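Reader: Hey, could you walk me through this one? I'm new to looking at structures.

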Amino acid sequence: MLNIKDLKAEIDGKKILKGLNLEIKPGETHAIMGVNGSGKSTLANVLGGREEYEVTGGSVEFLGQNLLDLDPEERAREGLFLAFQYPVELPGVLISYFLRTAYNAIREHRGEAPMPVREFSKLIQEKAKLLELNPELLQRSVNEGFSGGEKKRNEIFQMALLEPKLCILDETDSGLDIDALQVVSSGVNTLREQDPERSFLVITHYQRLLNYIVPDYVHVMIDGRIVKSGGKELALELEEKGYSSFQQSLAS
Amino acid sequence: MTQQESETPWYESSFELLETLVGDDQSAEIEAIRTKAHQDFLKIGLPKSKTEDWKYTDIRELRTRQFSLADKGVVSQVDDAARKSKTIADISELSLQTVDGFVANNLDALRALLPKGVILSTLREAFANRDSGLLELYREHFGQIATTENDFVVAFNTSFFQDVLIVHVPAGAQVEQPLYIQHIASGLQQSTATFPRILCVVEAGAKLALVEHFATLTSEGGFTASVTELVVGDNAEVSHYQLGLESDDHIRISRLASKQGRDARVRFHSSTFGGQLVRNEVCPTLTGVNGFTGLYGISVLSGNQHVDNHTVLDHSVPHCESDERYKGIYDGKSEGVFCGTIIVREDAQKTNAIQNNAAVLLSDRATVNTKPQLKIWADDVKCTHGATVGQLDQVQLFYLRSRGIGEKDARNLLLRAFAGEVTQEIELDALRSAIEQMVVDKLSL
């Protein structure tokens, strides 16, 4: 699905990713944990195609293609989805219109005809239920005036609608209370069950999320590199001992 | 060119050529008004680059280029189909055209559609019919809000106007369909100068929406200086929509002036897509308590186009509210100017005035000059103003693209949403849809 080799990236001349390796196979869920500033979100943004980040070395292969050659919209159409850490407000852009435009752009890429308005409206009502999203929100501008929890749920709602092959969740859990966290996690788990080939990269600061979205692999990221990988028990170890123990073992 | 500049400019030599507007025995009245206006006009002269109000809009071309006055004979050379070729469908049955400043329709058919007591006439007709009631209305109001002293635009129009369209809505009358006026520049003569003029009196409790749509039939450049006066009675409701769709070599200066009584609600909306140089001047005065004035504008320009939205909003009485929002999208080498003055006079306590101006530049060569001016003499008021100029938000653009939406579609979606904050203030559905489509069409060029 995704194969990252020795990836190096910087922003405004500041080196953030310093040789990162990661392979995700179809159907796997990987979690990346790390302190603030370790480069977790940079990785998400680089994979999403944010132009402000400059890739200075390494390679990223996504479903057999060179991901770094693709524009952000091409990545999305090929099946990559990035749930934003800070979902963006789009005043004056209605959610329903925004989603239909995105949905049909992806269909067009697959050589399918655009979905008629009525059928599409049924589809989004259905997906909104999955995320317990107030249907009234669908009549509003994208994320405008949404609470923090509503914004994050809206991200997973879009993910459910666009049915990507690889889902990247960039600190989707941060700032969520336990109820919202459960809703978001159950939405993600439904997507996992729906398609056994679908892969997930869950970037988080807190172990708590991983109680709900149980990963197959956990990676610890420090200073732009993955310093330790393991099974889901690694998250618990991290919770117990803290990041400093890994930093120390790295130094020694 | 230097040789030409030393010659007498066209507007001085043309004044002698003006035809009388009404019959010989009545002409003295109009001639006196025009002559006075022309004297005022010559005294003021064309604004120079040093003139503060015209600092960012250069109209020296009006002096160096030769324009000529419209010939009434031209009107009959533009057939019905051509005259109506610019009409936007479904806006109103109350649709009429001026051609080069002359009202071209037989107004009887339109009068039949108007509620009882509403008058739609031309000044020529009023004189020809010796309609004393209408002439009295004209004498009471014409040139009262838009005065020629020290006012270049009004003096220019009043020197040369060829007719006046008069609308009178009596107390309580509700005109449900908008009055849709298309000002057509025929382009049949070279560089024609036209001077449309409207006087609209809406009495207490009455309602009217007016649409003024400026269009050109050819790409033959011309010049238009229009003036519209709106007298709005107590608790009346008036909306004025202005739409600029001229060809890219037309110059227009439009003045909208209004005064409104207590509890009256007046809204102005200007949309500018066409023209080489367009100056929309909107000058409302709130003269009765508890009034509301809305001032809105959207401009989408490209190439070498220039628009100047110039507003002077005068709060002269207490407890009034105003909402002013202008937006512009500028591509190519186009230029946008916004100069918004809000005056809050000493008596105008409890005024609540909002002004906002925002522009998006799509090209490195496009420019915007924005100048908010608040002149506040009262001490218990709420006035806010803000101006933003910038490029499209890159994070918003990335968000849309990350969902599979192509760059161009994403950009247009954001720009439409940006414009939408002012186009949504258009209360006429057919007009709003048409203008929203124009935003999209202009951006996809």
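Author: Sure, let's go through the contact between the chains and then one helix. Keep in mind that this is a predicted model.

Reader: Cool. How many residues does the contact take from chain A and from chain B?

Author: Chain A gives 33 residues and chain B gives 18 residues. Between them they bury about 2,000 Å², with 66% of it on carbon and sulfur atoms.

Reader: Which residues in chain A lose the most area to chain B?

Author: Those are Glu73(A), Phe84(A) and Val88(A), which together make up 23% of what that side buries.

Reader: And how many salt bridges does the rule find across the interface?

Author: The rule finds 4 salt bridges between chain A and chain B. One of them pairs Arg403(B) with Glu155(A), where the closest N and O atoms are 2.7 Å apart. There are also 12 residue pairs in polar contact between the two chains.

Reader: Which element gives the largest share of chain A's side?

Author: Helix 3 of chain A does, with 6 residues. By type, the residues on that side of chain A divide into 18 nonpolar, 7 polar and 8 charged.

Reader: Ok, new topic: helix 10 of chain B. Why is it largely enclosed?

Author: Helix 10 covers residues 152-160 of chain B, and 9 of the 9 are buried, so the rest of the structure largely encloses it. Among them are Phe152(B), Phe156(B) and Phe160(B), but also Asn157(B), Thr158(B) and Ser159(B).

Reader: What happens at the start of that helix?

Author: There, a side-chain oxygen of Asp151(B) reaches to within 3.3 Å of the backbone nitrogen of Val153(B).

Methods
Residues are numbered from 1 along each chain as its sequence is written. Chains are lettered from A and ligands numbered from 1 in the order in which they are written. This is a predicted model: local features need pLDDT of at least 70, side-chain atom pairs count only at pLDDT 80 or more; totals for chains, interfaces and linings use all residues. Side-chain values use heavy atoms; hydrogens and water are left out. Contact means heavy atoms within 4.5 Å. Buried area is the accessible area (1.4 Å probe) that two parts lose on being put together, summed over both. A salt bridge is a side-chain nitrogen of Lys or Arg within 4 Å of a carboxyl oxygen of Asp or Glu. A polar contact is a pair of N or O atoms within 3.5 Å; within protein, one must be able to donate a hydrogen and the other to accept it, and residues adjacent in sequence count only if both atoms are side-chain atoms. Helices (H or I, at least four residues) and strands (E, at least two) are DSSP runs, numbered from the N terminus. Ala, Val, Leu, Ile, Met, Phe, Trp, Tyr, Cys and Pro count as nonpolar, Asp, Glu, Lys and Arg as charged, and the others, Gly among them, as polar. Buried means under 20% relative accessible area, exposed over 50%, partly exposed in between (1.4 Å probe, protein chains only).
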